[in-house]
Amino acid sequence: MDYAIKAEIRDPQAKTFAFTAQKTMYGGKHVAEGDTVFVFASENEGGQGLIARGVVTSVEEIAKKHGIARQTPRVSLSIERTALVKRPLGRRELKH
């Protein structure tokens with residue numbers, strides 16, 4: 001299965017990415033080891049949009065907190081980069 005993650009990325013050239021307690025998007029609570037993930041550097045955090053593709057090497061579901069009715073599922077995961085983008089793909093490029 002393919003997933004996407006959008007987060008603050010400090011080193012877009014890193015060979016591995018680690019994310020702690022990330023909110024899931026588009027069914028991301030079902031992510032598992034071996035799944036493909038498209039990594040987006042959040043443009044709200046100074047990133048440039050899509051930066052890489054990778055494979056999930058580890059994943060841990062974060063337990064929901066008691067007493068809170070509605071919670072977005074969260075996971076911690078590690079991703080090994082398999083490819084970097086060849087050209088930018090962010091809001092500016094998609095606007096057209």
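The following exchange examines how several descriptions of this predicted model are justified.

User: What makes the chain as compact as a globular protein of its length?

Analyst: The chain contains one helix and five strands, in the order β-β-β-β-β-α along the sequence. Its radius of gyration is 14 Å, and the globule rule gives 12 Å for 96 residues; the two values are close, so the chain is as compact as a globular protein of that length. The C-alpha atoms fill a box of roughly 45 × 25 × 25 Å along the principal axes.

User: Why is Lys6 called partly exposed?

Analyst: The relative accessibility of Lys6 is 39%. Buried requires under 20% and exposed requires over 50%, with partly exposed in between; Lys6 therefore counts as partly exposed. This residue lies in strand β1.

User: Which residues is Lys6 in contact with, leaving aside its neighbours within four places in sequence?

Analyst: They are Gln22, Met25, Phe40, Ser42, Asn44 and Arg91, where contact means heavy atoms within 4.5 Å. Lys6 and Phe40 are 34 residues apart in sequence, with their C-alpha atoms 4.6 Å apart in space.

User: Why is Ala63 called exposed?

Analyst: Ala63 has a relative accessible area of 66%. The cut-off for exposed is over 50%, so Ala63 belongs to that class. Ala63 is found in the loop between β4 and β5. From Ala63 to Ser76, 13 residues away in sequence, the C-alpha distance is 11 Å.

User: What is noted about phi of Ala21, and is Ala21 buried or partly exposed?

Analyst: Phi of Ala21 is near 50°, which is a positive value in a residue other than glycine. Most residues other than glycine have a negative phi. Ala21 lies in strand β2. Its relative accessible area is 26%; buried would require under 20%, so Ala21 is classed as partly exposed.

User: How do you know that the side chains alternate along strand β3?

Analyst: In residues 36-41, Val37, Val39 and Ala41 point to one face and are buried. Thr36, Phe38 and Phe40 point to the other face and are not buried.

User: Which strands pair with β3, and how do you know that they do?

Analyst: Pairing requires at least two bridges between strands. Six bridges join β1 to β3, and these strands run parallel; Tyr3 stands opposite Val37 in this arrangement. Six bridges also join β3 to β4, here in the antiparallel sense, with Leu50 in β4 as the bridge partner of Phe40. Each of these counts meets the requirement of at least two bridges.

User: What makes β5 a pairing partner of β4 and of β2?

Analyst: The requirement is again at least two bridges. Ten bridges join β4 to β5, which run antiparallel, and Ser58 stands opposite Ser78 in β5. β2 and β5 are likewise antiparallel, over six bridges, with Thr16 opposite Glu80 in β5.

User: How many of the residues in the chain are buried, as a percentage?

Analyst: Buried residues make up 28% of the 96 residues. The accessible surface comes to about 7,000 Å², of which 48% belongs to carbon and sulfur atoms.

User: What share of the contacts join residues at least 24 apart?

Analyst: Among contacts between residues at least 6 apart in sequence, the share is 65%.

User: How far apart are the mean positions of the positive and negative charges?

Analyst: The mean positions of the 16 positive and 11 negative charges are 6 Å apart.

Methods. Residues are numbered from 1 along each chain as its sequence is written. This is a predicted model: local features need pLDDT of at least 70, side-chain atom pairs count only at pLDDT 80 or more; totals for chains, interfaces and linings use all residues. Side-chain values use heavy atoms; hydrogens and water are left out. Helices (H or I, at least four residues) and strands (E, at least two) are DSSP runs, numbered from the N terminus. The radius of gyration is taken over C-alpha atoms; the globule rule is 2.2 Å times the number of residues to the power 0.38. Buried means under 20% relative accessible area, exposed over 50%, partly exposed in between (1.4 Å probe, protein chains only). Accessible areas come from the Shrake-Rupley method with a 1.4 Å probe; for residues, only the protein chains shown count as cover. Lys and Arg count as positive and Asp and Glu as negative; His and the chain ends are not counted. The place of a charge is taken as NZ of Lys, CZ of Arg, CG of Asp or CD of Glu.
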